Amino acid sequence: MKVWYTRFTKRILLLIFFWIGNWIHYSAFGQSFYPQQQYQPGQPASVTTFGTLYNPVPILIHSAATYYHGPQDVWATAYLPFESEYDASKTAIPFSQDYTTAIALTSAKNDALGLYAPIEVIALAKSPNTNLMNRYPFASVVPNNVNQATYTGPFNTLKDLNQNDPSFNNPLASEYAISVLEAAQKYTKFTHDFFGHNGIDKQGDIVILANVNNSPDALTGFDTEEKAFYFSVSALPGYPHVERSTIGHELTHALLNFGNLGNLDYLEGTEIASLNESFADIIGLSFENWVDPNKKFVNPNWIIANLSGPFPVNKAYRPFDNPKFRNSPNTYKGTYWKLSSEPGYRPHNNGMVMSHWFYLLNVAKSGYIDDDPARGSYITAPLIPGDKTATYTLALKIIFKAMTEKLAYLDGFPEMRIKTLEAAVELGNPVG
Ligand SMILES: [Zn+2]
């Protein structure tokens, strides 16, 4: 097992909750943590971090517990863990009576199953006795005496995919990993269905690698250098960063990073940094709304990360319908707008101008600009009056097209205004 080390970097990370300079650096980015292959006798074992998934098959875990969203169906991968069991006279398939079967929390791309990108979830865990961080797989051998159709875990008992060490204790519960895997899978379906966009790279070829962690640095974010995700389960006790809107927020940062705009890391303080955060909020929250059968786009929630702890300890709590509740602006350069040189500046806060605009596209509302009668009044109507789902969907398509196809590096809010209007026209909706 490799040991992790911490070093200082100057990289600025796209973090939903914290901005920190300390980071754990990976030397092994790009490696697949759950390599899959058909077992062949005599074939040398590949050198991997955790081992190999032999003869893998997708398996649907029914009603697995997620942290915030109740029991959910999640795709995982069943495999044969032990080479020593290989018998040339027996068909080597998982769940056959002649072999031990294990399940790992990873899923391959499989369009027919609604999985539009490969996903891997691993543990990055601080040892209880030292400050060293270790990586572990999320995998377990399925006990002999359980019904495979109703087995829902745990999935964190193997230290190595191909070895069973009964003394091993993964400090991170598999419920966290189930939550991340479920959200990431449904996110790929959400962006596929609405935008024709698979995974984070559009083709769905890049692995979505999620590090569930209890790092003292409270790591939650997308690392643009390593192309990997971090979700902290310890940043706020009792409220792990595994809510769907949080997962969706970070995956959306990656989607932008792999797109036309490229790496926005070094644009801290510019308006596009705020547009980046707002776009991640809008897509992440829309994803959470869409997946919830009680919300969808008919009864949407307007507060991102609303399940991840009470305000104000939940620093990601951002209400689209009332940005000023978080001392954030609802108007471009209006009240609470901050220059990057001012104390308390965060791109997330200025970004709420666009998140509020997105909310206003969906509702009928009237008021004063920046709540100031001296600035004049406004009135809004839903984009498609009388149809909440069509309105929300069109608003989403407009912002997605403008942000991923039309916005240019270093553009700001005025350019975004023009490009959303262009996108609306190109989507068949004359402006007027
Ligand atoms: Zn962010």
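Begin by colouring the two domains of the chain separately: domain 1 covers residues 3-257 and domain 2 covers residues 265-426. The model on display is a predicted one. The centres of the two domains, taken over C-alpha atoms, are 31 Å apart. Where the domains meet, domain 1 contributes 23 residues to the contact and domain 2 contributes 25. Select α1 and α2 (244-257) next, since the view should now turn to the side of domain 1 that touches domain 2: each of these helices supplies at least two residues of that side. The largest share, 8 residues, comes from α2.

**The whole chain**

Zoom out and display the full C-alpha trace. Along its principal axes, the trace spans about 80 × 45 × 35 Å. A compact globule of 432 residues would have a radius of gyration near 22 Å, and the 23 Å of this chain agrees with that expectation. In cartoon view, the secondary structure amounts to 6 helices and 18 strands. Of the 432 residues, 46% are buried. Among contacts with a separation of 6 or more, 57% link residues that lie 24 or more positions apart.

**Strands β4, β5 and β6**

Select residues 36-37, which form β4, together with residues 53-65, which form β5; these two strands run parallel and are joined by 2 bridges. Which residue of β5 is the bridge partner of Q36? The partner is L53.

Now add residues 71-80, the strand β6. The pairing of β5 with β6 is antiparallel and extends over 8 bridges. To see one such pair, label I59 and its bridge partner in β6, A76. Then move to the hairpin of β5 and β6, where 5 residues lie between the strands and G70 takes a positive phi near 70°.

**Helix α5**

Proceed to α5 (388-406). The 19 residues of this helix should span 27 Å at 1.5 Å a residue, and the distance of 26 Å between its end C-alpha atoms agrees. Show the side chains of Y392, L394, A395, L396, I398, I399, F400, A402 and M403, which are buried in α5. What do these buried residues pack against? Their neighbours are α1 (174-195), α3, α4 and α6.

**Helix α6**

Select residues 413-426, the helix α6. With 14 residues at 1.5 Å each, α6 should span 20 Å, and its end C-alpha atoms are indeed 20 Å apart. Colour M416, K419, T420, A423 and A424, the buried residues of this helix. Viewed down the axis of α6, the buried residues fall within an arc of 145°, so they line one face of the helix. An α-helix has 3.6 residues a turn, so residues three or four places apart point the same way.

Are P414 and V425, on the other side of α6, buried or exposed? Both P414 and V425 are exposed. To find what covers the buried residues of α6, display α3 (271-291), α4 (347-361) and α5 (388-406), which are included in that cover.

Finish just after α6 by selecting G428, which takes a positive phi of about 95°.

Notes: Residues are numbered from 1 along each chain as its sequence is written. Helices (H or I, at least four residues) and strands (E, at least two) are DSSP runs, numbered from the N terminus. The expected span of a helix is 1.5 Å times one less than its number of residues. A residue is buried if 20 or more other C-beta atoms lie within 10 Å of its own, exposed if 12 or fewer, and partly exposed in between; C-beta atoms are placed from the backbone. The arc is that of the directions from the helix axis to the C-beta atoms. Two residues are in contact if their C-beta atoms, placed from the backbone, lie within 7 Å. The radius of gyration is taken over C-alpha atoms; the globule rule is 2.2 Å times the number of residues to the power 0.38. Two strands pair if DSSP finds at least two bridges between them. Domain bounds come from an automatic or database domain assignment.
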